Amino acid sequence: MTVFWSAFGGGVMGTLVMTTMLRAAAELGYTRMDLAFLLGTAVTDNRRKAKALGYLFHFLLGIGFALLYGAFFAAIGRSSWWLGALVAVVQALFTATVLVNVLLPVVHPRMGTPETAANEIPLIEPPGFLMLNYGRNTFVITLLAHIAYGAIVGWAIRL
Amino acid sequence: MRIDRYAPIEDYALIGDGRTAALVARDGSVDWLCLPNFDSPAVFAALLDVERGGAFALQPAIPFETEQRYLPETNVLETVFITSTGRARIVDALTLPNGGLEPMRELARSIEGVSGVVPMRWRFAPRFDYGRAAPRWERRGVTIVATCDNEAVALSIWGAGEATPVEDGWQATFDVRAGDRGLLAMSTAYAEPLIASPRHDVESRLARTIEFWRRWAGDRPYDGPWQTAVRRSALALKLLIFAASGASVAAPSTSLPESIGGSRNWDYRFCWIRDSNFLIDALLELGCYDEAKSLFWWFMHATALTEPDLHVLYRLDGSPGVAERDLSLAGYRGSRPVRVGNSAFHQLQLDIYGALFETAWLYSKGHHSLDRDTGVVLARIAGRVCDIWRCPDSGIWEVRNGPFHFTHSKAMCWAALDRAIHLAGRGELPSADVPRWRREADAIVEFVETRCWSESLKSYTRVAGSGDVDASLLMLPTIRFRNDDRVAATVDAVNRSLREGDFVYRYRAEDGVPGSEGCFLNCSFWLVSALARTGRVGEATELMERLVGRANHVGLYAEEVDPSTGAFLGNFPQALVHLALIEAAVAVARRS
């Protein structure tokens, strides 16, 4: 139970920091990526509702991933902030190259894909490789935010 | 026919699938196609270099004449070849996906014998990266495959001769008798394996593509005058919208010259903010509410990185990389340089702020409410307009010898603040800064009325204090700029000073770019609209009738026309011209 609750707490804290970093980067003009918006518009085209739902969904994802981190650290028998950061680098790479770039457009009903043609009218442009369609700094920011998340989760988990 | 092996620009027709587009010449040669998207490098670029660009020709092997048209209410092209021995018909389309396992992009060319026997030939010579990379060839059954790095194109051949290799590709000759049916299908792949579709799948996609376009065109409820021209323009504009993001290209080509042999050759495969203003207006007018919403969402998303500052143009997918560079291609009839990218990206063009707010206003009026976050962003941008409207800029025509205080730019800044005030009045924008917006809007009017009016010309001037006029001033009635008498007098002055026959020059001043240019066709349609809006409906109607007759054989327009010969110049087909045509038709209809 210690692992579970420490991972849960780490997930909440890590996601809070990651979400804040991503939002701040967008407000400061470094990226057009808005994860809450992207996630929320999967269920509604109302922009405000989408953002609220998106933040909720992002927190749930953050906690879910933290529990996976906990399970992984319990399996290898060690945990630390730098190990968390290292796993987060892998997660960021997966997110930017596969999860958001390939999988999200496939399941997102309002997002375009490279196959979208004239007989469809999506509302959201696809993120592209390394999410570069949303600004050239997007991947770097995503990577840094994930490293911060992973370090916090890794630091918080008690085996 | 061809001059120096180049087809006249007006001899082309456009086919597309909402992701990319191909230019097909009247003689059956596909001379321009970028893959996988509009702004990707070309695999067929004979348009810009007949030797090295690559093309896909399909035509009779004996002398012929052609009749080319779109299948009614579609973007699918039919070319009938008439020879001394018979007639053959080809149907060209970039097919739309059906939802199954399909090629990433597909060009289908179906061949049918109509009468007699027609000896036909085709020559398939793709190049990669604008002709800079030669393909590696393979033969796999009925399919020829050309690959280069992570790209591949494959040509499947059914009933269209036995392919033999030649120096730059593959070719075949074959006879088509009445009732014969052949099919050539070019499928493409980018960073994924090729999909080899059987013949009936390609034919099924082609049939469904025709069906889709007919349904789409049938859903456009326009019933005003010049229906054929307006509906063709709508179909052409739909082809220029990049479906994945909702953005639209200004034109699907690059570097078609503004004068033959000249250097005014630009890449238009980007989305200009001002074009999207006109496009949303036209889409709403034609009942394309979903497309308008998609474009507006793209618009707000694309500008999120730079707001409250706006860029002049954006890439279709929002990614970076619009730097201008020259390609080592020969250029259309020797017109060099051939450019990709567009350095107008770096310019300050104040009119785009007016375009943005006009777009938001039209979108809001079109039964779409703006959400609060969008309203907050727009309010910030309105504040930015207050900060910068006093700056000189490069203007709507993107002059390269500026900046100047363009009258049109100032008027568009006024339009931005005026629409912001109206939007705030509807509760769509925060209203805290309305007093400032009103103050600055009044200051702009004061500037225009005192520094941009010439008593001797009886007209607003091109730039503050100048002694000439500019066709962009024809937009003043459209944006409902204040002083009706002066606006009407300005329309007169532009009509007198810049008109040549049915056409209108942009201006007669230097613009920092060497060489000459033709008349911009959008200016002619703007004149129609301005005449109608200032009460001269009869004159507007007559001019419109003549301009509609200036379209090419399939109803499309290039950016410019040579007023002495009527030949098309510049990139083709140009969205702004078709948008201006729709706007002009609606303006005349509303005042008739």
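This report walks through a predicted model, from confidence scores to domains, helix packing and a few backbone oddities.

## Confidence

Let's start with how much the predictor trusts its own work. The average pLDDT of chain B is 93, and 99% of its residues score at least 70. For the complex, the predictor reports an ipTM of 0.72 along with a pTM of 0.90. As a general caution, coordinates should not be read in detail where pLDDT is low.

## Where the chains meet

Chain A puts 25 residues into the contact, and chain B puts in 29. On the side of chain A that touches chain B, the split by class is 10 nonpolar, eight polar and seven charged residues.

## Two domains in chain B

Chain B comes in two pieces: domain 1 covers 9-217 and domain 2 covers 220-591. Measuring from C-alpha centre to C-alpha centre, the two domains of chain B are 34 Å apart. Their contact draws on 29 residues of domain 1 of chain B and 34 residues of domain 2 of chain B.

What supplies the domain 1 side of chain B where it touches domain 2 of chain B? Strands S1 (12-16), S2 (21-25) and S6 (65-70) of chain B, plus helix H1 (199-218) of chain B, each bring at least two residues to it. S1(B) gives the most, with four residues. By class, this side of domain 1 of chain B holds 15 nonpolar, seven polar and seven charged residues.

## Helices H10 and H11

In chain B, helix H10 (residues 521-533) packs against helix H11 (residues 537-548) at an angle of about 160°, and their axes are 7 Å apart. How are H10(B) and H11(B) oriented, roughly parallel or roughly antiparallel? The pair is roughly antiparallel, because the angle is over 145 degrees. The crossing of H10(B) and H11(B) is left-handed.

From H10(B), the residues in the contact are Ser524(B), Phe525(B), Leu527(B), Val528(B), Leu531(B) and Ala532(B). They meet Val537(B), Glu539(B), Ala540(B), Leu543(B), Met544(B) and Leu547(B) of H11(B). Sorted by class, the contact of H10(B) with H11(B) has 10 nonpolar residues, one polar and one charged.

## Helices H2 and H12

Another helix pair in chain B is H2 (residues 227-239) with H12 (residues 575-591), whose axes come within 9 Å and cross at roughly 145°. H2(B) passes H12(B) in a left-handed crossing.

On the H2(B) side you'll find Ala229(B), Val230(B), Ser233(B), Ala236(B) and Leu237(B). Facing them from H12(B) are Ala575(B), His578(B), Leu579(B), Leu581(B), Ile582(B) and Ala585(B). The contact of H2(B) with H12(B) has nine nonpolar and two polar residues, with no charged ones.

## Backbone oddities

Most peptide bonds are trans, and most residues other than glycine have a negative phi. Here are some exceptions. Leu35(B) and Pro36(B) are joined by a cis peptide bond, with omega at about 5°. Pro36(B) sits in the loop between strand S3 (29-34) and strand S4 (42-44) of chain B. There is also a cis peptide bond between Arg336(B) and Pro337(B), with an omega of about 5°. Pro337(B) is in the loop between strand S18 (325-327) and strand S19 (338-340) of chain B.

Then there's Ser255(B), a residue other than glycine with a positive phi, near 65°. Where should you look for Ser255(B)? Try the loop between H2 and strand S16 (271-272) of chain B.

Note on methods: Residues numbered from 1 in each chain as written. Chains lettered and ligands numbered in written order. Predicted model: local features only at pLDDT ≥ 70, side-chain atom pairs only at ≥ 80, totals over all residues. pLDDT = per-residue confidence, 0-100. Axes fitted to C-alpha atoms, helices over the stretch in contact; angles between N-to-C directions. Parallel < 35°, antiparallel > 145°, perpendicular 65-115°, else oblique. Left-handed = near helix turned anticlockwise from the far one by under 90°. Contact = placed C-beta atoms within 7 Å. Nonpolar A, V, L, I, M, F, W, Y, C, P; charged D, E, K, R; others polar. Domains from an automatic or database assignment.
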